[in-house]
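Work through the exercises below with the structure in view. Each task is followed by a solution in steps.

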Amino acid sequence: IIKAILDLLSIPNYVIFDKDGEDGRNDEGNMKTNIAIQKLIGVVEPQPSPAQIIAKDFSIFAPDFRRAIRLEVGESLWDSYRNEIGEELGYDRPSRADKNPIAIKLLFEKLRASKKDIPDSLKKCLAFIVAKVQEINL
């Protein structure tokens, strides 16, 4: 919805979304949503279950943002940091902390502090976003 409003106002934007529906829950609904979002961002041939792509105007993370980034960072490192943070935040099940935006922020802070590089997919997204900002001279 926000993209549609920004487009109507001629405000440049960059869309990041994750492709849901891999876990068997509401697959039909997720597929319809995936197609609708792709149409909104201008994909010529939208797919119900699109592959991950980092493009000039949008990014699609597959199977979803968290799992895609976790694979890039390294599953054991991600899980270790997530569990530490989950315990610090008082989660009964620390593995659920990676759905919490504050936990994700803290996780990325830990990665940066340990000199772990930003995942390539995020670097590419940021490069496209910076290019958009430069285009409009902000």
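The model is predicted. Helix axes here are lines fitted to C-alpha atoms over the stretch in contact, and the angle between N-to-C directions runs from 0 to 180 degrees.

**Exercise 1.** Describe how helix α3 and helix α4 are arranged.

Solution. Start with the positions: α3 covers residues 65–73 and α4 covers residues 75–88. Their axes come within 6 Å and cross at roughly 115°. Angles of 65 to 115 degrees count as roughly perpendicular, so α3 is roughly perpendicular to α4. Next, list the residues that make the contact. From α3 these are Arg 66, Ile 69, Arg 70, Leu 71 and Val 73; from α4 they are Glu 75, Leu 77, Trp 78 and Asp 79. Finally, sort them by type: five are nonpolar, four are charged and none is polar.

**Exercise 2.** Find which helix supplies the largest share of the largest nonpolar core.

Solution. The largest nonpolar core has 17 residues. Among those with the most contacts inside this core are Ile 69, Trp 78 and Leu 107. At least two residues come from each of α3, α4, α5 (101–113) and α6 (120–135). The largest share is that of α5, with five residues. Leu 107 touches Trp 78, Tyr 81, Arg 82 and Ile 85, leaving out residues up to four places away in sequence. A second, separate core has six residues, including Val 15 and Phe 58.

**Exercise 3.** Decide whether Lys 132 counts as buried or exposed.

Solution. Lys 132 lies in helix α6. Buried means under 20% relative accessible area. Lys 132 has 14% relative accessibility, so it counts as buried. Beyond its neighbours within four places in sequence, Lys 132 contacts Asn 13, Tyr 14, Lys 56 and Asp 57.

Conventions
Residues are numbered from 1 along each chain as its sequence is written. This is a predicted model: local features need pLDDT of at least 70, side-chain atom pairs count only at pLDDT 80 or more; totals for chains, interfaces and linings use all residues. Side-chain values use heavy atoms; hydrogens and water are left out. Helices (H or I, at least four residues) and strands (E, at least two) are DSSP runs, numbered from the N terminus. Angles under 35 degrees count as roughly parallel, over 145 as roughly antiparallel, 65 to 115 as roughly perpendicular and the rest as oblique. Contact means heavy atoms within 4.5 Å. Ala, Val, Leu, Ile, Met, Phe, Trp, Tyr, Cys and Pro count as nonpolar, Asp, Glu, Lys and Arg as charged, and the others, Gly among them, as polar. A nonpolar core is a set of buried Ala, Val, Leu, Ile, Met, Phe, Trp, Tyr and Cys residues joined through side-chain atoms within 4.5 Å. Buried means under 20% relative accessible area, exposed over 50%, partly exposed in between (1.4 Å probe, protein chains only).
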